[in-house]
Amino acid sequence: MAIDETIAFRPVRIAVLTVSDTRTLADDRSGDRLVERLTSAGHALAERGIVRDDVEVIVSRLHAWIDDPEVDVILTTGGTGVTGRDITPEALARVWDKEIPGFGELFRWLSYQTIGTSTIQSRATAGVARGTYIFALPGSTGAVTDAWDGILASQLDIRHKPCNFVELMPRLMER
């Protein structure tokens, strides 16, 4: 698994959505971490927002960004646990066309290296909706760091071999 330096880097436009009843832009450390990581990698922050833990509100924001041609990827943080208010995976399931089950599996494997069996409480997930990738990450800074550094940094880099999500973007709407 390597970066093919003969291929030009292609930035993608990424929206970051924090799902929380309590966080604001002033104290959203996980959202800040994602923005820092994606911009440092050379990608563009398409938009950023915070919504409360409400399925209808999350679904509405996801639909708006999915339909926005200036958004290629949506990263959500928060709401992936098992408590009653954790409903981000349910919201994603209402909008995606295809689930990417390997993302959650790989995330939990990577997270296990850091937090051990506590990773079982994460319902991190991903999917594709009308040509837009959506990744639901837990709300901790450690979790978003694990997800970005361990999975997304390479899969959102067209130079990553043997394959990556970016090279598939032109074909996501095929029928």
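Threonine 80 is found in the loop that runs between strand S4 (73–77) and helix H3 (88–95). Helices (H or I, at least four residues) and strands (E, at least two) are taken here as DSSP runs and numbered from the N terminus. The model is a predicted one, in which local features need pLDDT of at least 70 and side-chain atom pairs count only at pLDDT 80 or more, while totals for chains, interfaces and linings use all residues. Residues are numbered from 1 along each chain as its sequence is written, and side-chain values use heavy atoms, with hydrogens and water left out.

Threonine 80 counts as buried because its relative accessibility is 3%, where buried means under 20% relative accessible area, exposed over 50%, and partly exposed in between (1.4 Å probe, protein chains only). Once neighbours within four places in sequence are left aside, the contacts of threonine 80 include Asp86, Thr88 and Pro89. Others among them are Gln121, Ser122, Arg123 and Ala124, along with Ala136, Leu137 and Pro138. Contact here means heavy atoms within 4.5 Å.

Two of those contacts, Ala136 and Leu137, lead to strand S7 (residues 132–137). Six of the six residues of strand S7 are buried, so this strand is largely enclosed by the rest of the structure. Thr132, Ile134 and Ala136 point one way from S7, whereas Tyr133, Phe135 and Leu137 point the other way. Two strands are said to pair if DSSP finds at least two bridges between them. S7 pairs with S4 in the parallel sense over five bridges, and leucine 75 has phenylalanine 135 in S7 as its bridge partner. Strand S6 (residues 125–129) is also joined to S7 by five bridges, but these two strands run antiparallel; here alanine 129 has threonine 132 in S7 as its bridge partner.

The hairpin of S6 and S7 has two residues between the strands. One residue of the loop between S6 and S7 is arginine 130, whose phi is near 45°, a positive value in a residue other than glycine. Arginine 130 is partly exposed because its relative accessible area is 32%. Another backbone feature appears further along the chain, where a cis peptide bond joins lysine 161 and proline 162, with omega about 20°. Proline 162 is found in the segment after strand S8 (160–161).

Pockets were located on a 1 Å grid over the protein atoms alone, a pocket being an open set of points with protein on both sides within 12 Å along at least five of seven lines, and lining residues having an atom within 4 Å of a point. Grid points are joined across faces, edges and corners, and a volume is the space filled by probe spheres set on the points. The largest pocket has a volume of about 230 Å³. Its lining comprises 19 residues, of which Ile115, Ser118, Ser122, Pro138 and Ser140 are the closest to the centre. Helix H4 (101–115) and helix H5 (141–155) each supply at least two lining residues, and the largest share, four residues, comes from H4. By class, this lining has five nonpolar, twelve polar and two charged residues. In this scheme Ala, Val, Leu, Ile, Met, Phe, Trp, Tyr, Cys and Pro count as nonpolar, Asp, Glu, Lys and Arg as charged, and the others, Gly among them, as polar.

The second largest pocket holds about 200 Å³ of space. Its lining has four nonpolar, one polar and seven charged residues. Arg130 is one of the lining residues, and others among them are Arg171 and Glu174. The side chains of glutamate 174 and arginine 171 meet in a salt bridge (3.2 Å, N to O), a term that stands for a side-chain nitrogen of Lys or Arg within 4 Å of a carboxyl oxygen of Asp or Glu. Glutamate 174 is partly exposed at 48% relative accessible area, and arginine 171 counts as partly exposed at 49%.

The structure holds 16 salt bridges. In one of them, aspartate 21 pairs with arginine 85, and the closest N and O atoms are 2.8 Å apart. Aspartate 21 lies in the loop between strand S2 (13–19) and helix H1 (29–40) and arginine 85 in the loop between S4 and H3, so the pair ties together parts that are 64 residues apart in sequence. Arg23, Asp28, Asp32 and Arg48 are linked in a network of salt bridges.

Methods:
1 Å grid on protein atoms, 1.4 Å probe; cavity = no way out; pocket = protein on both sides within 12 Å on 5 of 7 lines; lining within 4 Å.
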